[in-house]
Amino acid sequence: MSQPDVLIRPLTEADHAEWRRLWTDYITFYESTVSEEVYASTFARLLGDDPQDYSCLVAELNGKLIGLTHYLFHRHAWKVENVCYLQDLYADPEVRGTGVGRKLIEAVYQAADDAGAPSVYWMTQEFNTNARKLYDRIGQLSPFIKYQRP
């Protein structure tokens, strides 16, 4: 089932409460938490004008936010142009499978194209099987394995 009336648009100050609800649900899905300081700094950065900060697009249906994505552009040692990292993608459970996630990713693809950064990448956890069904259709699985400092 598709939802053609879904509007994808930039985050605004008026979206704070709904953005926080969506991002909290996203963080909870990954069995994590963040401090109040992180909520505040992330929202401020999303609305700021520093090109090194994240941007946010939201999905709206009938005046209610139902999804979000956070992404940023950064330099890459092997490329002249910047690349785009899609860090967070979330849709309310009741709208999953309706095309909302695809619309959000495609909007990030468009933002990357508009910024002259044709490479877009993201990560997910192996157990995120529902999202991976979409990712397998709209992206290409890379062979890289992520390591991080303990």
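Let's start at Leu7: beyond its neighbours within four places in sequence, Leu7 touches Val58, Ala59 and Glu60. The model we are looking at is a predicted one. Leu7 sits in strand β1, and with a relative accessible area of 42% it is partly exposed. Look across to Pro118, which is 111 residues away along the chain, and you find the two C-alpha atoms separated by 23 Å.

**Along the strand to Arg9**

Stay in strand β1, which covers residues 7-10, and you come to Arg9. Is Arg9 buried or exposed? Its relative accessibility is 18%, so Arg9 counts as buried, since the cut-off for that word is under 20%. The Arg9 side chain has polar partners there. One is the side chain of Asp15, with a polar contact at 2.8 Å. Another is the side chain of Glu60, at 2.6 Å. Setting aside neighbours within four places in sequence, Arg9 is in contact with Asp15, Cys56, Leu57, Val58, Glu60 and Leu65. Glu60 and Val58 may ring a bell, as Leu7 is in contact with them too.

**Two nonpolar cores**

Now for the inside of the model. Which residues have the most contacts inside the largest nonpolar core? They are Val100 and Ile105, in a core of 26 residues. Several elements chip in with at least two residues each: strands β2 (55-61), β3 (64-74) and β4 (83-91), plus helices α3 (100-114) and α4 (129-138). Helix α3 gives the most, with 7 residues. There is also a second, separate core, made of 15 residues, and among them are Trp23, Tyr26, Phe43 and Leu46. As a bit of background, nonpolar side chains tend to be buried together in soluble globular proteins.

**Helices that cross**

Two helix pairs are worth a look. Helix α1 spans residues 16-29 and helix α2 spans residues 36-47; the two pack at an angle of about 120°, with axes 12 Å apart. That angle makes α1 oblique to α2. As for handedness, α1 passes α2 in a right-handed crossing. On the α1 side, the residues involved are His16, Trp19, Arg20, Trp23, Thr24 and Ile27, and they meet Glu36, Val38, Tyr39, Thr42, Phe43 and Leu46 of α2. Some of these names are familiar: Trp23, Phe43 and Leu46 also belong to the second core.

The other pair is α3 and α4, whose axes come within 11 Å and cross at roughly 45°. These helices are therefore oblique to each other as well, and α3 passes α4 in a right-handed crossing. From α3, the contact is made by Gly101, Arg102, Ile105, Glu106 and Tyr109; from α4, by Leu134, Tyr135, Arg137 and Ile138. Ile105 is again one to notice, being one of the residues with the most contacts inside the largest core.

**Thr69, out of sight**

Strand β3 holds Thr69. How buried is Thr69? With 0% relative accessibility, Thr69 counts as buried. A polar atom of the Thr69 side chain lies 2.9 Å from the backbone oxygen of Asp88. Leaving out neighbours within four places in sequence, Thr69 has contacts with Ser55, Cys56, Leu57, Leu86, Asp88, Leu89, Leu104 and Val108.

**Out in the loops**

For contrast, here are some loop residues that count as exposed.

| Residue | Relative accessibility |
|---|---|
| Arg75 | 75% |
| Glu31 | 74% |
| Asn62 | 72% |

Arg75 is in the loop between β3 and β4. The C-alpha atoms of Arg75 and Ala117 are 9.6 Å apart, while along the chain these residues are separated by 42 residues. Glu31 is placed in the loop between α1 and α2, and Asn62 in the loop between β2 and β3.

What is phi of Glu31 near? The value is near 55°, positive in a residue other than glycine. Asn62 has a positive phi too, near 50°, and is likewise not a glycine. For background, most residues other than glycine have a negative phi.

Technical notes:
Residues numbered from 1 in each chain as written. Predicted model: local features only at pLDDT ≥ 70, side-chain atom pairs only at ≥ 80, totals over all residues. Heavy atoms only, no water. Core = buried A, V, L, I, M, F, W, Y, C linked by side-chain atoms within 4.5 Å. Buried < 20%, exposed > 50% of the residue type's maximum accessible area, 1.4 Å probe, protein only. Helix = DSSP H or I, 4+ residues; strand = E, 2+ residues; numbered from the N terminus. Polar contact = N/O pair within 3.5 Å; in protein donor to acceptor, adjacent residues only side chain to side chain. Contact = heavy atoms within 4.5 Å. Axes fitted to C-alpha atoms, helices over the stretch in contact; angles between N-to-C directions. Parallel < 35°, antiparallel > 145°, perpendicular 65-115°, else oblique. Left-handed = near helix turned anticlockwise from the far one by under 90°.
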